[in-house]
Every structure is written in C-alpha cells, then in structure tokens.
Amino acid sequence: MTSTDQFEDRLLRELQAVVSAQPAAAAPTSHRLRNRLAVGAGTVAAATAGAVALTAGSTPAYAVSDHDGTVTVTISSLKDAAGLQHALQADGVQAAVDYTPAGKMCREPRGQAPGGSGRMSGSVDTTRGGATTFTLTPGQVGVDETLVIETSVGNQVSSIGISVIKGAVSPCVLVTSTRADGGGPTTQSGSGPSQGTSSKSG
Amino acid sequence: MSVDPIELIARDPHALEIFYRVHVEAIQRFVTRRVNDPYLAADLTADVFLAAIEAAPRYSAARGNPQAWLFGIARNVVSAERRRAARELRAYVRVDGQRFLADDDIERMNDRIDAGREARALYSALLDLPKGERAVLELVVIDGLSVTEAATALGLRAVTARVRLHRARTSMSRLQLGTPASPLVTPLETS
C-alpha cells in the first residue's frame with residue numbers, strides 16, 4: 001500500500017487478481033479469497049463414505065459427503081467445529097477446524113504451507129441459504145497434510161479461511177483479530193493477544 | 001457476434017477496471033444508504049463487485065442499463081448480509097474488503113455514511129413492508145432508479161414493477177410510514 005493509493009485502487013487490484021486467477025501482489029491472506037481455495041496436491045485417496053452430521057436444531061451445521069473420493073463440505077453455521085473435524089477425518093481427510101469467537105482469530109501461521117510444486121485451485125461457493133461449500137478432489141490434501149478450516153470474525157463480518165498445512169499443525173491460539181483493526185480510528189480493542197486454545201488436529 | 005463489455009469483466013482485468021471505475025462510487029453510496037459501518041461497507045462493496053464478476057457471464061445487454069443490473073446485484077448482496085446478520089449465520093468466504101481500508105479511506109467512507117443518514121432511516125422503515133413489495137420501492141425511493149430501471153434490476157417486467165410499487169405505497173400508508181408523493185422522492189444525496 002502506498003500513500004497515494006486509495007481503498008478503491010487496492011480493492012480493484014484484488015478483484016483483478018481474482019479475475020486473472022493470479023495471486024494479488026499484496027495479499028497476505030489470499031487463502032481467504034472466495035473462489036480461490038489454495039490446496040496442495042498430494043496423493044491421498046479418500047475412503048468412499050457418506051457422512052452427514054446433524055447437530056441440535058433443524059439445520060445441520062455441516063455436511064460432509066463423499067462421491068468416489070471427491071469430498072464435498074458444506075458449512076451452514078459456525079457450530080460444532082469438532083464434529084466437522086471428526087467427520088472429515090472419518091472420511092480420510094486430516095483436518096483442523098476452529099471457529100473463533102468474535103474479534104478473535106487463530107494466530108498465524110499454523111504451520112508450514114505445502115511446497116511450491118503442485119499447488120492447485122478449487123472453489124469455494126456460497127449457497128443461496130448462506131452456507132459455504134467447497135469440494136476436495138482426491139489427493140488435494142496429501143497424506144502428511146492437514147486441511148485447516150478457521151474463521152476470522154471481524155467487526156460484524158467474518159470469513160472462513162481454508163488452507164492446507166504440511167506436517168504438524170499448531171493448535172489454535174486465539175489472538176485479537178487483525179481484520180477489523182487495520183489501523184482505523186474505530187479500533188475497539190487494543191489489548192494484546194490473549195491466550196486460549198480450541199480443538200486441534202489429532 | 002460481439003461480446004458485451006460487461007461479459008468481459010469476468011475474465012479481462014482491463015474491462016473490469018473500466019467497469020469498476022465507472023461504478024465503484026455509486027456502489028459505495030448504495031451500500032452506505034443501508035449500513036453505517038465503514039468496515040462492513042468496504043466488505044459489502046467488495047462483495048458486490050465479486051458477485052457482479054460471477055454474474056457477468058449471464059449478463060444480457062437486453063436487460064439494459066448496466067447500473068440498474070449492478071444495483072440489482074447490490075440489493076441482493078446487502079439483503080443477504082442482513083439475513084445472515086439476523087440469523088447470526090456468517091459462514092461464508094469473501095474478499096476481505098475492509099483490509100484495504102486506510103485511515104483516510106475510513107474518513108471518506110464515513111462521509112458517505114453521513115450523507116446516507118436520511119436514506120438509511122427510510123431503508124429501515126421499508127423493512128417492515130412485505131418482501132415482494134419492498135424491492136421495487138426500495139430501488140426507486142432509496143436509490144433513485146426509475147420504475148423501468150428498478151424492473152431491470154430485479155428482473156421484472158415493467159408492468160409488474162409498477163403494480164408492486166403501487167402496492168408498496170399502499171402498504172406504506174397503511175403502516176403509517178408516510179406515502180411518497182411521487183415515485184421519485186427528492187434526491188437523497190445532497191453533497
């Protein structure tokens with residue numbers, strides 16, 4: 001960001017990056033971009049299984065379905081992170097799922113990103129009902145890799161970050177979300193990182 | 001057969017830039033006539049253009065006025081955000097618009113938010129209307145579209161839009177919200 005630059009210019013560049021399907025120049029959290037699910041190519045073959053998990057209430061919080069190794073994940077509410085994590089693992093996808101409270105995020109980085117070769121893109125869509133859905137083709141999460149799903153809840157808005165970590169994934173250490181704190185005068189909390197852990201992969 | 005420039009925005013960064021520069025201010029005004037948080041306004045602005053990029057391949061020039069088309073998209077985006085907020089269902093992925101906001105951008109967004117105060121009050125009042133009736137009236141009285149443009153934005157026939165507008169005005173007076181004397185209330189933007 002330069003000082004002559006405005007919000008509109010920065011947003012334009014990001015949108016152009018989406019259109020040209022290339023990484024934006026300054027996109028530290030580009031893995032959070034809609035339609036650009038960064039996943040590592042690997043060689044795991046997911047088991048053929050179907051698992052739809054229901055939580056209390058009329059709408060399932062999430063659904064995991066498997067068609068010939070292609071795993072479709074639908075998240076309709078940010079509840080039961082542990083349940084989703086287990087459902088993915090039951091389907092052969094090593095996963096770490098953390099839904100953080102408002103204003104908090106997991107401290108980054110959670111681990112090592114997969115190596116340079118074999119990166120590929122999937123897509124993340126939003127359904128009419130507001131659910132998030134994405135698909136993992138066989139091998140998108142490698143044998144020694146973990147699918148990391150975490151929320152980042154800012155000032156009234158939130159996003160789901162989906163990424164792949166190679167090797168060990170550190171537990172989610174809650175820190176104050178930086179998303180809504182972009183140097184603006186309306187920053188609500190200036191407190192330092194607070195500690196806390198939620199579920200970790202395992 | 002020539003390709004409409006709007007269709008190109010989904011794949012051509014240059015076409016996107018032209019389209020974006022023409023409409024970005026109008027969209028920020030559109031958004032700040034509905035929300036009063038600069039960060040949320042930034043995110044919604046990003047969402048509107050993303051949704052437009054996604055919808056562009058299905059754009060038909062026959063639908064006319066690109067701004068009306070974009071306003072229709074913007075209305076859906078803001079409504080979706082409102083529904084999500086109401087249900088506390090916030091599970092979705094988006095471009096993180098607010099992370100591009102610097103201090104002076106927030107100041108400019110707050111200026112728009114100030115300018116939109118009257119419109120936001122009206123927008124809140126319209127939320128009491130039945131859903132089908134609200135859309136047309138909203139675009140006409142909040143955003144200053146003509147009935148024809150509102151019809152374009154909502155994918156309705158003009159005559160249908162006109163009927164709904166009439167019904168909405170009737171509902172408004174029933175709800176004692178005050179009836180706009182003409183489809184176009186005085187311009188809401190003063191600056």
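**Exercise 1. Locate B:H23 and describe its surroundings in this predicted model.**

*Solution.* B:H23 has its place in helix α2 of chain B, and the structure in which it is examined here is a predicted model. The next step is to ask whether B:H23 is buried or exposed. Its relative accessible area is 7%, and since buried means under 20% relative accessible area, B:H23 counts as buried. The last step is to list its neighbours: leaving aside residues up to four places away in sequence, B:H23 touches B:F49, B:P66, B:Q67 and B:L70.

**Exercise 2. Compare the make-up of the two chains, beginning with their secondary structure.**

*Solution.* Chain A contains two helices and 12 strands, whereas chain B contains nine helices and zero strands. Along the sequence, the elements of chain A follow the order α-β-β-β-β-α-β-β-β-β-β-β-β-β, while those of chain B read α-α-α-α-α-α-α-α-α.

Turning to burial, 49% of the 202 residues in chain A are buried, and in chain B 53% of the 191 residues count as buried. Chain A exposes about 8,900 Å², of which carbon and sulfur atoms supply 55%; for chain B the exposed area is about 8,400 Å², with 53% of it from carbon and sulfur atoms.

The contacts complete the comparison. Taking contacts between residues at least 6 apart in sequence, 58% of those in chain A join residues at least 24 apart, and for chain B the corresponding share is 67%.

**Exercise 3. Characterise helix α1 of chain A and identify what covers its buried residues.**

*Solution.* Helix α1 of chain A runs over residues 7-19 and has 13 residues. From its first C-alpha to its last it reaches 18 Å, which is close to the 18 Å expected at 1.5 Å a residue. The helix is mostly covered, with 12 of its 13 residues buried; among them are A:F7, A:L11, A:L12, A:L15, A:V18 and A:V19, and also A:E8, A:D9, A:R10 and A:E14. The cover over these buried residues includes elements of chain B, namely α2, α3 (38-55) and α5 (103-115).

**Exercise 4. Work out the two faces of strand β4 in chain A and its pairing with other strands.**

*Solution.* In a regular strand the side chains alternate between the two faces of the sheet. Strand β4 of chain A, residues 70-75, has a covered face made up of A:V71, A:V73 and A:I75, and its uncovered face carries A:T70, A:T72 and A:T74.

Consider next the partners of this strand. Strand β3 of chain A, residues 62-67, pairs with β4(A) in the antiparallel sense over six bridges, and within that pairing A:A63 stands opposite A:T74. The two strands form a hairpin with two residues between them, and A:D68 in the turn has a positive phi of about 50°. A second antiparallel pairing, over five bridges, joins β4(A) to strand β9 of chain A, residues 132-136; here the bridge partner of A:T74 is A:T133.

**Exercise 5. Which residues have the most contacts inside the largest nonpolar core?**

*Solution.* In soluble globular proteins, nonpolar side chains tend to be buried together. The largest nonpolar core in this model has 64 residues, and those with the most contacts inside it are A:L15, B:I27, B:F49, B:W69, B:L70 and B:L137. Its largest share, 13 residues, comes from α3(B). Apart from this core lies another of 21 residues, among them A:V93, A:A95, A:L147 and A:I149.

To see the surroundings of one residue of the largest core, take B:I27: beyond residues up to four places away in sequence, B:I27 touches B:T45, B:V48, B:F49, B:L70, B:F71 and B:A74.

**Exercise 6. Where in chain B is the confidence of the prediction lowest among its helices, and where is pLDDT under 50?**

*Solution.* Chain B averages a pLDDT of 83, and 82% of its residues score at least 70. Helix α2 of chain B (residues 13-32) has the highest confidence, with a mean of 96, and helix α4 (residues 66-87) the lowest, with a mean of 84. Outside these helices, pLDDT stays under 50 over residues 88-93, for which the model has 32 contacts beyond four places in sequence, and likewise over residues 179-191, with 24 such contacts. For the complex, the predictor gives an ipTM of 0.82 and a pTM of 0.51.

Key:
Residues numbered from 1 in each chain as written. Chains lettered and ligands numbered in written order. Predicted model: local features only at pLDDT ≥ 70, side-chain atom pairs only at ≥ 80, totals over all residues. Heavy atoms only, no water. Buried < 20%, exposed > 50% of the residue type's maximum accessible area, 1.4 Å probe, protein only. Helix = DSSP H or I, 4+ residues; strand = E, 2+ residues; numbered from the N terminus. Pairing = 2+ DSSP bridges. pLDDT = per-residue confidence, 0-100. Contact = heavy atoms within 4.5 Å. Expected span 1.5 Å × (residues − 1). Areas by Shrake-Rupley, 256 points an atom, 1.4 Å probe, with all protein chains shown as cover. Core = buried A, V, L, I, M, F, W, Y, C linked by side-chain atoms within 4.5 Å.
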